Amino acid sequence: MNTLVLSPAERAQAAASLARFVDSYEESLSARPILPDVDRDTLAKLLAEPFPAEGVGVEGFFADLRDRIVPNSTTVAHPRFLAYVQGPPNGIAPYADAITAVLNQNCNFWQLSPAASVVERSVVDWLAGLFGLGPDAGGILTNGGSGATKDAITTALADRRPDFRERGLQSGAPPLVLYTSEEAHRCVDKAAATLGLGLDHVRHIPTDDAFRLRVDLLADAIAADRAAGLEPFCVVATAGTVTSGSIDPIGPIADLCAREDLWLHVDGAYGALFVLADSARETFAPLSRADSIALDPHKMLFTPLEAGALVVKDAGKLRAAFAFSSSYLTVAEDELMLDFMDYGPQLSRSFKALKVWAALRTFGVDTFRAAAERCLRLAARLGERVAAEPGLTLLNPVALTAVCVRLDGRRDEEYPALLAQLADEGTALLGPARLHGQTAIRACVANYRTTEADIDLIGDRLAALAEA
Ligand SMILES: Cc1ncc(COP(=O)(O)O)c(C=O)c1O
């Protein structure tokens, strides 16, 4: 090939191959191994082989996919893929992503992406509206929940120290301290470490017996730090902790933050979009008091990776943290459009919003409400089964969709092998967990393809393994 344009015949071939692949993948999902039997020789050869001077062409590329890539890929969309917090992509996703690639809008400033700017705005406004963040709210789509939390902490730093941009953490003012719980996701530590706060200035507050941050101990820690001459500035609460799905007491934490003048960020990467479920809506009502919320469309809106989001009560503060002017990137303002480069760390940005917008438009919001509700119901079903089974111990109240199970008579060292066995035999891919010092197997239902029969199969198998 001496051109980068496909001929009409090649385009037809590529489209037909893609359509065949999408169809056969969809139809074979349940029968595929959840974890591939990785062919190390094939992958080692792939790593070692030089790229061809003369291309393999469209047919060759699809043959590579069929023979080398797909058989060595994890079946994330399998109905019993219940490890971590990752759902299968929704049905319009492959087509939306293809259009994103064709249009290749750069969502940095509006002139390069006018419609995309408005689409992203509409998605962000809808997300912020789910939590009642108010008329000044805004935000941005990110590459995930970790990035959203890092950007939120950056915003909190800039808000606390007006000279943060110039002097960073070197201003000589008292060291800043951030508070979160011992059950918080490691993205909080990672953000603090990479932003230069230092892990010594992150307090991991103990949790109660339902794995929720203890507000009394948070108040004590803040008082102790103030007495020691340090400067508390931010609390990261979690709405859906990664291991147990617990929801920190956001209302009382918001009261404390208001009294102490602290930024309240809520890490809702796993849990916040369960606000869509009627049965959970009230639980999430206190999130309206947050200064910022991280959430993940690539989890409970089932968009393909990557699509996270940060929504902020006062969008001006996000802009104050991230907007930089430069002569080579100046466009006239337009009240309809936003220059998203001013709301986050990236300059070149993909049209991530299209896949979120496409899903909401194609399936309608009620479909996502029903999917969230269904995941909650299935997790409750598994939780009830585990609680009722003599050989199993449920380690967490099932607040959302994470179910942590201990198998009676099994030693901690046996758990990795048990997880491998469950995956190898095709029962399910479940994840490891540790809660208040106890090792467990964790199922996390974030999968719209999972059925009651899948849940019961997992329950039966766990019970049998406990007896064994
Ligand atoms: C509570 C919580 N926070 C943050 C993250 C990280 O999100 P991401 O993988 O989108 O960066 C996760 C991922 O599961 C999570 O459960």
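**Entry 1: β1 and its partner**

I began with the pairing of β1 and strand β7 (residues 308-312), which run antiparallel and are joined by five bridges. I looked up G139 and found V311 of β7 opposite. I note here that the model is a predicted one.

**Entry 2: the sheet**

I then traced the sheet that holds this pair. The sheet is open, has seven strands with mixed pairing, and reads β1-β7-β6-β5-β4-β2-β3 in order. I checked the edges: β1 (138-142) and β3 (202-205) each have a single partner strand, so one side of each is left without a neighbour in the sheet. For the twist I have an average of 20° between neighbouring strands, direction ignored.

Which strands does helix α8 touch? I found that α8 (residues 186-194) packs on the sheet and touches β2 (176-181), β3, β4 (231-238) and β5 (263-268). The direction of α8 makes about 165° with that of β3. I looked up helix α10 (residues 250-260) next; α10 also packs on this sheet, in contact with β4 and β5. Against the direction of β5, that of α10 makes about 155°.

**Entry 3: D267 in β5**

I picked D267, which lies in strand β5. Is D267 buried or exposed? The relative accessibility is 4%, and the limit for buried is under 20%, so D267 counts as buried. Leaving out residues up to four places away in sequence, I listed the residues that D267 touches: T149, H185, C187, V236, A237, T238, A239 and A294. I also took one long span from D267: L418 is 151 residues away in sequence, and the two C-alpha atoms are 31 Å apart in space.

**Entry 4: backbone checks**

I went through some backbone angles in loops. The peptide bond from L305 to E306 is cis, with omega near 0°. I placed E306 in the loop between α11 (297-300) and β7. F302 lies in the loop between α11 and β7 as well, and I read its phi as near 55°, a positive value in a residue other than glycine. With a relative accessible area of 2%, F302 is buried.

Y84 was another entry on my list, with phi near 60°, again positive in a residue that is not glycine. I found Y84 in the loop between α3 (57-69) and α4 (93-103).

**Entry 5: α5 against α13**

I turned to a helix pair. Helix α5 (residues 114-130) packs with helix α13 (residues 353-363) at an angle of about 65°, and their axes are 9 Å apart. I recorded the crossing of α5 past α13 as left-handed.

Which residues meet in this contact? From α5 I listed V119, E120, S122, V123 and W126. Their counterparts in α13 are A353, L354, V356, W357 and L360. By class, I have eight nonpolar residues, one polar and one charged in the contact of α5 with α13.

**Entry 6: domains**

I looked up the domain assignment: domain 1 covers 8-75, domain 2 covers 98-363 and domain 3 covers 366-467. How far apart are the C-alpha centres of domain 2 and domain 3? I have 30 Å between these centres. I also noted the contact between the two: 31 residues of domain 2 and 25 residues of domain 3 take part.

**Entry 7: strands β9, β10 and β11**

I took strand β11 (residues 438-444) next and found this strand mostly covered, with six of its seven residues buried. Strand β9 (residues 402-407) runs antiparallel to β11, joined by four bridges. In this pairing I matched V405 with I441 of β11 as bridge partner.

Strand β10 (residues 431-435) is antiparallel to β11 too, and five bridges join them. Here I found A433 opposite A440 in β11. I checked the turn as well: the hairpin of β10 and β11 has two residues between the strands, and H436 takes a positive phi near 45° there.

**Entry 8: D454 in α16**

My last lookup was D454, placed in helix α16 (residues 452-467). At 8% relative accessibility, D454 counts as buried. What does D454 touch, not counting residues up to four places away in sequence? I listed P79, R80 and R449.

Key:
Residues are numbered from 1 along each chain as its sequence is written. This is a predicted model: local features need pLDDT of at least 70, side-chain atom pairs count only at pLDDT 80 or more; totals for chains, interfaces and linings use all residues. Side-chain values use heavy atoms; hydrogens and water are left out. Two strands pair if DSSP finds at least two bridges between them. Axes are lines fitted to C-alpha atoms, for helices over the stretch in contact, and angles run from 0 to 180 degrees between N-to-C directions. Contact means heavy atoms within 4.5 Å. Buried means under 20% relative accessible area, exposed over 50%, partly exposed in between (1.4 Å probe, protein chains only). A crossing is left-handed if the near helix is turned anticlockwise from the far one by less than a right angle, and right-handed if clockwise. Ala, Val, Leu, Ile, Met, Phe, Trp, Tyr, Cys and Pro count as nonpolar, Asp, Glu, Lys and Arg as charged, and the others, Gly among them, as polar. Domain bounds come from an automatic or database domain assignment.
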